[in-house]
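Student: Hi! Could you walk me through this structure before I head back to the bench?
Tutor: Happy to, let's have a look together.
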Amino acid sequence: MTHTRCLILGSGPAGYTAALYAARANLMPVLIEGPQPGGQLMITTEVENFPGYPDGVEPFQMMDDMRRQAERFGTVMVADEAVRAELGATAGDGHKVHRIFTDKGEEYEADTLIIATGAAARFLGIPSEEEYRGKGVSACATCDGFFYRGKTVAVVGGGDTACEEAGYLANLCKKVYLIVRKPYLRASEIMQQRVMSNPKIEVLFEHNTLRLTGEGKVTGADLVFRKGEADEKDVHIDIDGFFLAIGHTPRTELFKGMIETDAEGYIKTEGDSPRTSVAGVFAAGDCADPHYRQAVVAAGSGCKAALEAERYLKTIDN
Ligand code: NDP
């Protein structure tokens with residue numbers, strides 16, 4: 001069992017920034033990286049909107065910079081995944097601690113815990129998605145787009161992610177359908193403009209996917225135009241790849257029933273602070289942010305979580 005003053009779960013901008021601040025405050029943090037070192041940003045193409053990189057930056061580079069900066073001040077990085085938690089347990093000397101048990105069978109006991117576990121890509125929930133997972137279905141254009149060079153693909157979603165992925169795929173593919181369930185895009189103006197002016201992208205507004213078709217791999221999709229309305233119409237498209245970009249689910253299952261969350265599982269924090277319903281436990285980044293979900297916001301909340309952890313430790317030390 002390892003005891004630490006500050007345990008951080010997650011290695012996205014929130015986790016690394018929390019680690020940087022906690023390490024500089026001499027809390028000697030331990031950071032458990034989780035299943036996707038570098039976090040969700042690692043599955044995007046280029047980061048253009050993180051301050052300090054005027055020419056944009058490769059996600060790998062940015063996350064490596066953040067990681068090295070946190071390590072420089074003494075953060076211990078652990079390549080492992082938290083699989084079980086006990087929050088607010090009573091330690092031998094009577095004070096409250098939080099315990100995390102990992103995939104590799106390790107146990108960590110922490111005076112403060114910063115949860116920065118992020119969020120995971122959502123799927124539509126149609127049976128053929130499972131059937132064709134890895135055989136034409138993907139939730140990451142940057143990871144899998146390469147396999148569809150010169151082919152025709154579809155992206156589902158109308159937000160910034162969908163537009164970004166459609167743009168990325170249009171650089172590689174012959175044609176990209178963007179399947180949008182509403183009559184408009186939700187994405188930011190600049191992303192909408194990029195999509196609408198790209199000749200390789202055809203936006204199918206008010207379409208929903210019913211099923212994917214193909215022998216052993218995706219070769220098409222059955223869609224419906226204006227689902228549930230009088231002028232409903234079935235539409236078939238021939239595609240080789242089907243990319244989901246319909247949002248995310250917070251990675252907070254580990255703490256279910258132990259910590260207050262909203263109906264979708266996002267951890268509730270106190271007002272503008274990263275304080276959760278459990279004393280000594282703080283939440284940062286996308287696992288507590290259903291609204292902004294930006295790297296820079298996540299980094300800022302990681303900073304706040306570390307500062308709060310430091311304050312909290314002072315109160316229990318006195
Ligand atoms: P969003 O939640 O913003 O968008 C999800 C999209 O998926 C919406 O258009 C939604 O439709 C659609 N959707 C959800 N469920 C279904 C379904 N079952 N069937 C069909 N469509 C569905 O998620 P994003 O991942 O796009 O973005 C998350 C956050 O990250 C946002 O704040 C965004 O601005 C940000 N972001 C910023 C980027 C950048 O600035 N470079 C890049 C990527 C993301 P509907 O509109 O009908 O609800």
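Student: Let's start with Glu260. Is Glu260 buried or exposed, or in between?
Tutor: Glu260 is partly exposed, because its relative accessible area is 45%. Keep in mind that this is a predicted model.

Student: And which residue does Glu260 form a salt bridge with?
Tutor: Its partner is Lys268, with the closest N and O atoms 4.0 Å apart. Lys268 is also partly exposed, at 41% relative accessibility.

Student: How many salt bridges does the structure hold?
Tutor: There are 23. One of them joins the side chains of Arg67 and Glu33, at 2.1 Å from N to O.

Student: Where do Arg67 and Glu33 lie?
Tutor: Arg67 is in helix H2, which covers residues 59-72, while Glu33 is in the loop between strand E2 (30-32) and H2. The two are 34 residues apart in sequence, so the salt bridge ties together separate parts of the chain.

Student: What about accessibility for that pair?
Tutor: Glu33 counts as buried, at 7% relative accessibility. Arg67 counts as partly exposed, at 24%.

Student: Which residue pairs with Glu48?
Tutor: Glu48 forms a salt bridge with Arg194, and their closest N and O atoms are 3.7 Å apart. This pair links distant parts of the chain, 146 residues apart: Glu48 sits in the loop between E2 and H2, and Arg194 in helix H6 (residues 189-196). Arg194 counts as partly exposed, with 43% relative accessibility.

Student: Which residues are linked in a network of salt bridges?
Tutor: Arg84, Glu86, Arg99, Glu107 and Glu109 are linked that way.

Student: Switching topic: how many disulfides does the structure hold?
Tutor: The count is 0.

Student: Why is there no bond for Cys287?
Tutor: The closest cysteine sulfur, in Cys6, is 14 Å from the sulfur of Cys287, so the two are too far apart for a bond. A disulfide here needs the sulfur atoms within 2.5 Å. Cys287 is buried, too, with a relative accessible area of 0%.

Student: And Cys303, how far is its sulfur from the closest cysteine sulfur?
Tutor: That distance is 13 Å, again to Cys6, and it is too far for a bond. Cys303 counts as buried, at 15% relative accessibility.

Student: Last one: what does the domain assignment give?
Tutor: It gives domain 1, made of 2-120 + 249-317, and domain 2, covering 123-244. Taken over C-alpha atoms, the centres of domain 1 and domain 2 are separated by 33 Å.

Definitions and conventions. Residues numbered from 1 in each chain as written. Predicted model: local features only at pLDDT ≥ 70, side-chain atom pairs only at ≥ 80, totals over all residues. Heavy atoms only, no water. Domains from an automatic or database assignment. Helix = DSSP H or I, 4+ residues; strand = E, 2+ residues; numbered from the N terminus. Buried < 20%, exposed > 50% of the residue type's maximum accessible area, 1.4 Å probe, protein only.
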